[in-house]
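Student: Could we go through this model together? I would like to begin with how far it can be trusted and then turn to particular residues.

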Amino acid sequence: MKTSIRFMFLTATLIALFALSACGADDPAEPATGQGAQAPVTGDPATTSTLSSNPLLSQHGLDDNLRFVEPRTISVAMWNRSHERIPNFSESYWAEWIEAQMLEEHNIIVEWIQVPRWEDAEYMSALLAGGMAPDISYTFNNPMVDTFAAMGGVMNLSPLLADYRDLLLPNLYDLLTETNVYWNVDPETNNLFSLTGRLITDGRINTFVREDWLDTLNIAPPTTLEQFEDMLVAFRDNADTLLGAADANRMIPFLLGHDVSWTGDPILTSFIPHNITEREWFVYGFDDRRFTQPGIKEGVRVLNRWFDMDLLWNDFFLHPAGDPITDDQKKLGFVGAFSHNWDYPFRASESIIVDMRDNVGEHANFMVVTPFQNDAGVVRKQMPNPTDRFIFFPTTNTEPIASLIYLDWISRADVREFLQFGHEGVHRRTHPNGAIEVLGETETHSWPDHQFIPSLRNFDILITVNGIDLGDDYITAATLALGYPGIAPEQVMAARAAGMDNAWVARRVVHPPIIAEEGLATPLQDQRDVILHQVIAATSPADFDATWDTMMASYMNMGAQAIINERNQFWLNTFGDVDSMP
């Protein structure tokens, strides 16, 4: 069976690579409003106003309330997941609410440019190359921003921030802080081509296993890699017991996803040496998935062995991120374990556990385990920087002031709360202590399709923050625990605690853009995925070393080695031949 799967994979890979080389890339009723709720403004937005006496405002046609006397139009990027409930997110209630509020408060007309969520980097790169990028754009791929900035396609924000910080941007600075606003500033030139959204970290990636399957087989939750592998073998060998004879062949002991370096992260990164130096972390740290860090090869070797043992989902490389068939396997009860975002199976938008219980029974549950110890015996959780998406203005943006006002408005505390939690009685219930409970959809309670939220807390439209900050630590923590309909609050907090235990964040190295990285971010990421798919699914354990070494040599020749060399030279020039920063 493995031979045929590997042949199929190899054929698919060759076809994909050939293609790449050939082309070079009834109206729902509005709910009643309640505590904390807001509704779209209706009526004529053309409120009369006069120019401000402040020359910095009046020269841009603004009054004292930061409202344009004459309407201005800006285009804003919006990630779209093409969810069946709301295929075009730009036509959602949330988009219309923003449009109405911006027009009423600031006389700014917002036009949306939808960007497919799972192809956002490639799509945004094409928009930039064609001079059609939204006035307010965002991406996780900051090297792409640097590449287009070097070609004159991205605006330097430093002068704008210096002139208008106090007048226009109090909410933006309050949310992001100077740390994130200036995260990507070039220390030599003071150029700043992207603002950095704020990530409020409650964890990164957890590993989940079927608690009911452990109980059925009388297996204790695994605490080591060896025990975890033994557990997967037990799932595989007891498929008849766990799934029944009719579905036994659908058993997936561990569901590795298409994005191997994310869904395999706890295993892969457990092989990074505990005593890795700051210099190594920086020099090899250009890939945000840790792919080039020391030790990753040995983690991939484990996944290769598991694929050969029929412990992984055989089709993981065929279904890209966002393909519903991946989560459907979990919801139908066929998956024994997987790794993903620390809260992934609890989320209302994905509804993994809730739907699985509907399909399998109320006893079905995923619990968090932490078995992947490093060479020091520590389950180290390598936390991300407090950064999220990178927000930038292309040089085709003719309304930078209106764009700044939009970013400040979307960062305002009351705007964030409404977009994250929606209407009282429909999407949320506010408790007497101030904590906000998300109301899920049940047989007797549902969200109108127009008001469906396809991403956790409206992440796709709330671009300056990822996470909850309600201004009070107790209310924020209590809200987090109540934020997953159908999931016990204690289960959420246990997952959060597991995800944050032994959290480790490397110190930041402030550096100018690495020239060797320009234009290579997406090609190297694509090649990374090709390597991981091939060496895991299309290579026998006996051929693992030879295949890995050959493919990594090609990866290095693509430009990865040049990036490593330039980063190392920067370190030497800045700190000297030492392993740590002062």
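Tutor: The conversation below covers confidence, a pair of strands, a buried arginine and several salt bridges.

Student: What should I know before reading it?

Tutor: This is a predicted model, in which local features need pLDDT of at least 70, side-chain atom pairs count only at pLDDT 80 or more, and totals for chains, interfaces and linings use all residues. Residues are numbered from 1 along each chain as its sequence is written, and side-chain values use heavy atoms, with hydrogens and water left out.

Student: What is the mean pLDDT of the protein chain?

Tutor: The mean is 90, and 92% of the residues reach 70 or more; pLDDT is the predictor's confidence in each residue, from 0 to 100.

Student: Where does pLDDT stay under 50?

Tutor: It does so over residues 3-44. Where pLDDT is low, the predicted coordinates should not be read in detail.

Student: Turning to strand E1, is it largely enclosed or not, and why?

Tutor: Strand E1 (residues 72-80) is largely enclosed by the rest of the structure, because seven of its nine residues are buried. Buried means under 20% relative accessible area, exposed over 50%, and partly exposed in between (1.4 Å probe, protein chains only). Strands are DSSP runs of at least two residues (E), and helices are runs of at least four (H or I), numbered from the N terminus.

Student: How many bridges join E1 to strand E2?

Tutor: Nine bridges do, and E1 and E2 (residues 108-116) run parallel. Two strands pair if DSSP finds at least two bridges between them. Within this pairing, Val76 stands opposite Trp112 in E2.

Student: Next, Arg210: buried or exposed?

Tutor: Arg210, in strand E5 (residues 205-210), counts as buried at 1% relative accessibility.

Student: What does its side chain reach?

Tutor: The side chain of Arg210 reaches the backbone oxygen of Gly333 at 3.2 Å.

Student: And salt bridges: how many are found in the whole structure?

Tutor: A search finds 33, a salt bridge being a side-chain nitrogen of Lys or Arg within 4 Å of a carboxyl oxygen of Asp or Glu. One of them joins Asp259 and Arg289 (2.5 Å, N to O).

Student: Why does that pair tie together separate parts?

Tutor: Asp259 lies in the loop between strand E6 (252-254) and helix H11 (260-263), and Arg289 in the loop between helices H13 (278-283) and H14 (296-308), so the pair ties together parts that are 30 residues apart in sequence. Asp259 and Arg289 also belong to a network of salt bridges that includes Asp287, Asp288, Arg528 and Asp529.

Note on methods: A polar contact is a pair of N or O atoms within 3.5 Å; within protein, one must be able to donate a hydrogen and the other to accept it, and residues adjacent in sequence count only if both atoms are side-chain atoms. Contact means heavy atoms within 4.5 Å.
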